[in-house]
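Work through the exercises below with the model open. Each task is followed by its solution.

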Amino acid sequence: MYYETFSNSVNQVLDIATSLADNYGCGYIGSEHILFGLMNTEDGRSAPILREYGADNERFMVYFKKSIDPTVILP
């Protein structure tokens with residue numbers, strides 16, 4: 001947990017974002033990491049809305065990997 005004043009959902013988003021950043025060796029947590037956290041938070045309101053507009057982990061990861069490695073070819 002990050003701060004006692006944050007809700008459980010916010011802490012979950014930050015945990016997921018931090019995990020993604022750590023797994024890919026990013027030295028920062030940026031908006032792309034936060035977006036991934038929002039997409040994957042079980043109790044949050046954002047995930048269903050993002051899914052409704054076509055966001056999914058597979059598509060996200062293609063663009064995310066491209067953002068950290070310019071040699072990745074986009075579909």
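**Exercise 1.** In this predicted model, find which residues make a nonpolar surface patch of about 270 Å².

*Solution.* The patch is made by Tyr24, Tyr28 and Ile68. Take Tyr24 next. Tyr24 sits in the loop between H1 and H2. Its relative accessible area is 33%, so Tyr24 is partly exposed, as the class runs from 20% to 50%.

**Exercise 2.** Classify the ring pair of Tyr24 and Phe64.

*Solution.* Start with the count: the whole structure holds 3 aromatic pairs. For Tyr24 and Phe64, the ring centres are 5.3 Å apart and the planes stand at 80 degrees, so the pair is edge-to-face. The cut-off for that class is over 60 degrees. Now place the partners. Tyr24 is in the loop between helix H1 (8–23) and helix H2 (31–39), and Phe64 is in helix H4 (residues 57–68), so the pair ties together parts 40 residues apart in sequence. Phe64 has 2% relative accessibility and counts as buried. Finally, widen the view: Tyr24, Phe36, Phe60 and Phe64 form one aromatic cluster.

**Exercise 3.** List the members of the largest nonpolar core and the helices that supply at least two residues each.

*Solution.* The core has 9 residues: Ile16, Leu20, Ala21, Cys26, Phe36, Met39, Phe60, Met61 and Phe64. H1, H2 and H4 each supply at least two of them. In soluble globular proteins, nonpolar side chains tend to be buried together.

**Exercise 4.** Which residues does Cys26 touch, leaving out those up to four places away in sequence?

*Solution.* Cys26 touches Ala21, His33, Phe64 and Ile68. Compare with the earlier lists. Ala21 and Phe64 belong to the largest nonpolar core, as does Cys26. Ile68 belongs to the surface patch with Tyr24 and Tyr28.

Technical notes:
Residues are numbered from 1 along each chain as its sequence is written. This is a predicted model: local features need pLDDT of at least 70, side-chain atom pairs count only at pLDDT 80 or more; totals for chains, interfaces and linings use all residues. Side-chain values use heavy atoms; hydrogens and water are left out. Rings of Phe, Tyr and Trp (its six-membered ring) pair if their centres lie within 6.5 Å; planes under 30 degrees apart count as stacked, over 60 as edge-to-face and the rest as tilted. Helices (H or I, at least four residues) and strands (E, at least two) are DSSP runs, numbered from the N terminus. Buried means under 20% relative accessible area, exposed over 50%, partly exposed in between (1.4 Å probe, protein chains only). Patches are made of residues with over 30% relative accessible area and no salt bridge: like charges are joined within 9 Å, nonpolar side chains (Val, Leu, Ile, Met, Phe, Trp, Tyr) within 5 Å. Accessible areas come from the Shrake-Rupley method with a 1.4 Å probe; for residues, only the protein chains shown count as cover. A salt bridge is a side-chain nitrogen of Lys or Arg within 4 Å of a carboxyl oxygen of Asp or Glu. A nonpolar core is a set of buried Ala, Val, Leu, Ile, Met, Phe, Trp, Tyr and Cys residues joined through side-chain atoms within 4.5 Å. Contact means heavy atoms within 4.5 Å.
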